Amino acid sequence: AFDPYIALARKIKASRREAFQKLYESCWKDLFLCAYQLTACEELAKDFTQEAFVKLWENRDKINPTQSLKPYLFRCPDHPAKNKRLGFTVAFKGTAG
């Protein structure tokens, strides 16, 4: 089956900003809602969502172009929202959360 997120992975790895924008537009809301469920804080959820996309863009050269990007956005093992939910202190942008 065709996975549009694999096609986006190839384009983002090639630094195509329009592909990154398309990924952002298609995944931002779901990722935000996931982070919000974990943190129960709109500001933290927005920050964490933004950080996930920034991290993806900054590390685009490491993208595996044969794998979908959507699961990557949701599975960061060190995701700050997940740490917050587990009761760990979260340092983000110089503040404790």
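Select Ala 40 to begin the tour. At 61% relative accessibility, Ala 40 counts as exposed, because the cut-off for that class is over 50%. The residue is found in the loop between H2 and H3. Check its backbone: phi of Ala 40 is near 60°, a positive value in a residue other than glycine. Most residues other than glycine have a negative phi. Keep in mind throughout that this is a predicted model.

**Whole chain**

Now select the protein chain and colour by secondary structure. The assignment comes to five helices and two strands. Read from the N terminus on, the order is α-α-α-α-α-β-β. Of the 97 residues, 34% count as buried. Among contacts between residues at least 6 apart in sequence, 60% join residues at least 24 apart.

Switch the colouring to pLDDT. The chain averages 80, and 76% of the residues score at least 70. Where is confidence highest, and where is it lowest? Helix H1 (residues 4-13) has the highest mean, at 93, whereas strand S2 (residues 95-96) has the lowest, at 36. Select residues 86-97 next: over this stretch the pLDDT is below 50, and beyond near neighbours in sequence it has 14 contacts in the model. Where pLDDT is low, the predicted coordinates should not be read in detail.

**The H1-H2 loop**

Go to Ser 15, in the loop between H1 and H2. Like the starting residue, it is a non-glycine with a positive phi, here about 65°. Ser 15 is partly exposed, with a relative accessible area of 37%. Which residues does Ser 15 contact, leaving aside neighbours within four places in sequence? They are Trp 57 and Arg 60. Add a distance between the C-alpha atoms of Ser 15 and Trp 57: the two residues are 42 apart in sequence and 8.3 Å apart in space.

**Across to the H3-H4 loop**

Follow the other contact to Arg 60, whose place is in the loop between H3 and H4. Is Arg 60 buried or partly exposed? Its relative accessibility is 21%, and buried means under 20%, so Arg 60 counts as partly exposed. Outside its neighbours within four places in sequence, Arg 60 is in contact with Ile 12, Lys 13 and Ser 15. For the pair Arg 60 and Ile 12, the C-alpha to C-alpha distance is 6.4 Å, across a sequence separation of 48 residues.

**Ile 12 and the nonpolar cores**

Centre the view on Ile 12 and show its surroundings. Not counting residues up to four places away in sequence, Ile 12 touches Ala 19, Phe 20, Leu 23, Trp 57, Arg 60, Ile 63 and Leu 69.

Ile 12 also leads into the largest nonpolar core, which has 16 residues. Select Ile 12, Leu 23, Phe 53, Leu 56, Leu 69 and Leu 73 together; these are the residues with the most contacts inside that core. H1, helix H2 (17-39), helix H3 (42-58) and helix H4 (69-74) each supply at least two residues of this core. Which helix gives the most to this core? H2 does, with five residues. Apart from this core lies another, of five residues, among them Phe 32, Ala 35, Ala 45 and Phe 48. In soluble globular proteins, nonpolar side chains tend to be buried together.

**The largest pocket**

Select Leu 56, Asn 59, Lys 62, Ile 63, Asn 64, Gln 67, Ser 68, Leu 69, Tyr 72 and Arg 75, which line the largest pocket. About 170 Å³ of space lies in this pocket. By class, the lining has four nonpolar, four polar and two charged residues. Leu 56 and Leu 69 appear in this lining and also among the core residues with the most contacts. Ile 63, another lining residue, is one of the residues that Ile 12 touches.

**Last stop: Ser 26**

Finish at Ser 26, which lies in helix H2. With a relative accessible area of 34%, Ser 26 is partly exposed. Measure from here to Lys 70, 44 residues away along the chain: the C-alpha atoms of the two are separated by 9.5 Å.

Methods:
Residues are numbered from 1 along each chain as its sequence is written. Side-chain values use heavy atoms; hydrogens and water are left out. pLDDT is the predictor's confidence in each residue, from 0 to 100. Helices (H or I, at least four residues) and strands (E, at least two) are DSSP runs, numbered from the N terminus. Contact means heavy atoms within 4.5 Å. On a 1 Å grid over the protein atoms alone, a cavity is a set of points where a 1.4 Å probe fits but cannot get out, and a pocket is an open set with protein on both sides within 12 Å along at least five of seven lines; lining residues have an atom within 4 Å of a point. Grid points are joined across faces, edges and corners, and a volume is the space filled by probe spheres set on the points. Ala, Val, Leu, Ile, Met, Phe, Trp, Tyr, Cys and Pro count as nonpolar, Asp, Glu, Lys and Arg as charged, and the others, Gly among them, as polar. A nonpolar core is a set of buried Ala, Val, Leu, Ile, Met, Phe, Trp, Tyr and Cys residues joined through side-chain atoms within 4.5 Å. Buried means under 20% relative accessible area, exposed over 50%, partly exposed in between (1.4 Å probe, protein chains only).
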